[in-house]
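Let's take a walk through this structure together, starting with what is bound and then moving on to the empty spaces. Keep the 3D view open as you read.

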Amino acid sequence: MNLPLLTDTFGRTLSYLRISVTDRCNFRCVYCLPPEGIPLLPGKDILSFEEILRISSLYLKMGGERIRLTGGEPLLRRNIVDLVSGLSRLPGLKDFSLTTNGYYLEDFAGSLKEAGLQRVNISLDSLYPDRLAQLTSCREFKKIWRGIEKALDMGLRTKINVVALNGLKKEEIIAFGWMAKKYPLEVRFIEFMPLCGTGWHPEWVLPLYRVKEVVERHFSLKSLPRRREVAESYEIQDGRGRIGFIASMTEPFCHDCSRLRLTSDGKLRPCLFSNIEVDLKTQMRRGATDETLKGLLSRAVFLKPMGHGIGDVHHSSVDPQALPSIRFVGG
Ligand code: SAM
Ligand code: SF4
């Protein structure tokens, strides 16, 4: 049988590659980085643009369709627009996006769009400037807001990522509802996940069904088809935008996951939450051929676990005893 090259052992096609272009960041979000930051990789260990383009090109030849640039903060990477321009010209790329904290977006949105970027996800955890500063360390709400407006003006399809932590107030949720009603963008609430350098705090998880209850009390929602999207998305009646919920913890979508992740130092990770990785950079720098690299890409696909396994007794980052209040409905 001739299986597609990016189909894993559970029948999922991994057509979506998230590429981290830097480990550096100018924010210190409480759920992502400790205040003192994390040890940074030496510059020589970070993939060059040529290396990223080579891996991306092979991935697209194998049947990949979507690429997202992320970080750290991707707009801190020097000459990022050149990388965007190179990637956007690769044959086979159907969906090309970038996730940013928005700080430099007002400066970059125009050139990113011109270079071929299609979509942008902007992280914005509160519409209240003081609360945003507490959560992210960024005191320049207005600068991020100008970045959002610029992205919309430039015609970049825009999503707003809101990590919903316990303590998120009803007024804040409703304010995001109004934002999605007024602007042609999608606001997506995301559950806190054990991803990060700040440790795991189960008490920080706000199950998104509670956020959704608040939204539904104030807005009329119309469900949209899911099509392998991680978010459960809704149109808002009489509104211009949408609202979505990414309940990775309480309602995992691993059975339908299409993602692979490339770290800034060239390791391919089949799952965001697992320590399994395939080292592409070392092989590339030792002179690996394209066929060898394709073989390594296939290996990462083959190694993709069925689920993120958070809550399993053997999972490395979480004490399952510490999860009593979380309702798992799958995965
Ligand atoms: N610096 C960019 C930004 O913040 O958008 C890109 C990198 S950031 C790691 C990508 C996304 O992951 C952001 O939307 C961020 O809010 C989200 N994120 C980071 N840590 C998270 C966590 N522990 N749980 C849930 N989402 C998280
Ligand atoms: Fe930086 Fe993004 Fe992490 Fe916030 S979520 S600390 S902006 S990498």
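Start at ligand 1, which has 16 residues around it, the closest being Tyr31, Gly72, Ser123, Asn161 and Met193. Keep in mind as you look that this is a predicted model. Sorted by class, that shell holds six nonpolar, eight polar and two charged residues.

Now zoom in on the polar contacts. Ser123 uses an N or O atom of its side chain, which sits 2.6 Å from an oxygen atom of ligand 1. On the nitrogen side of things, a backbone N or O atom of Gly72 is 2.9 Å from a nitrogen atom of the ligand, and Glu73 brings a polar side-chain atom to 3.2 Å from a nitrogen atom of ligand 1. How much of ligand 1 does the protein bury? Taken alone, the ligand exposes 540 Å², and 89% of that is buried by the protein. As for the elements behind the shell, strands β3 (95-100) and β5 each give two or more residues to it.

Gly72 is worth a second look. You'll find it in the loop between β2 (66-70) and α2 (80-88), and it is joined to Gly71 by a cis peptide bond, with omega at about 20°. The loop between β2 and α2 also contains Asn79. Asn79 is not a glycine, yet it has a positive phi of about 60°.

Gly72 also leads us over to ligand 2, since it is one of the residues surrounding that ligand, along with Cys25, Phe27, Cys29, Tyr31, Cys32, Leu33 and Asn101. How does this shell divide by class? It has six nonpolar and two polar residues, with no charged ones.

Next, the empty spaces. Rolling a probe the size of a water molecule over the atoms shows where empty space is left. Here the count comes to one cavity of 30 Å³ or more, and the largest cavity has a volume of about 50 Å³. Some of the names in its lining will be familiar: Phe27, Cys29, Tyr31 and Ser123 are among them, and so are Leu124, Asp125 and Leu132. Thr136, Cys138 and Ile144 also line this cavity. By class, its lining divides into seven nonpolar residues, two polar and one charged.

There is an open space to visit too. The second largest pocket has a volume of about 560 Å³. Of the 21 residues lining it, Arg157, Lys159, Glu186, Glu229 and Arg242 are the closest to its centre. What kinds of residues make up this lining? Twelve are charged, five are nonpolar and four are polar. Strands β4 (119-123), β5 (157-164) and β6 (186-191) each supply at least two residues, and β5 gives the largest share, with three.

Last stop: the aromatic rings. Searching the whole structure turns up ten aromatic pairs. One of them is formed by Phe176 and Phe189, which meet edge-to-face, 5.9 Å centre to centre and with 90° between the planes. This pair links distant parts of the chain, 13 residues apart: Phe176 belongs to helix α6 (residues 170-182), while Phe189 is in strand β6. That brings us back to a strand we have already met, as β6 also helps line the second largest pocket.

Key. Residues are numbered from 1 along each chain as its sequence is written. Chains are lettered from A and ligands numbered from 1 in the order in which they are written. This is a predicted model: local features need pLDDT of at least 70, side-chain atom pairs count only at pLDDT 80 or more; totals for chains, interfaces and linings use all residues. Side-chain values use heavy atoms; hydrogens and water are left out. On a 1 Å grid over the protein atoms alone, a cavity is a set of points where a 1.4 Å probe fits but cannot get out, and a pocket is an open set with protein on both sides within 12 Å along at least five of seven lines; lining residues have an atom within 4 Å of a point. Grid points are joined across faces, edges and corners, and a volume is the space filled by probe spheres set on the points. Helices (H or I, at least four residues) and strands (E, at least two) are DSSP runs, numbered from the N terminus. Ala, Val, Leu, Ile, Met, Phe, Trp, Tyr, Cys and Pro count as nonpolar, Asp, Glu, Lys and Arg as charged, and the others, Gly among them, as polar. A residue is near a molecule or strand if one of its heavy atoms lies within 4 Å of it. A polar contact is a pair of N or O atoms within 3.5 Å; within protein, one must be able to donate a hydrogen and the other to accept it, and residues adjacent in sequence count only if both atoms are side-chain atoms. Accessible areas come from the Shrake-Rupley method with a 1.4 Å probe; for residues, only the protein chains shown count as cover. Rings of Phe, Tyr and Trp (its six-membered ring) pair if their centres lie within 6.5 Å; planes under 30 degrees apart count as stacked, over 60 as edge-to-face and the rest as tilted.
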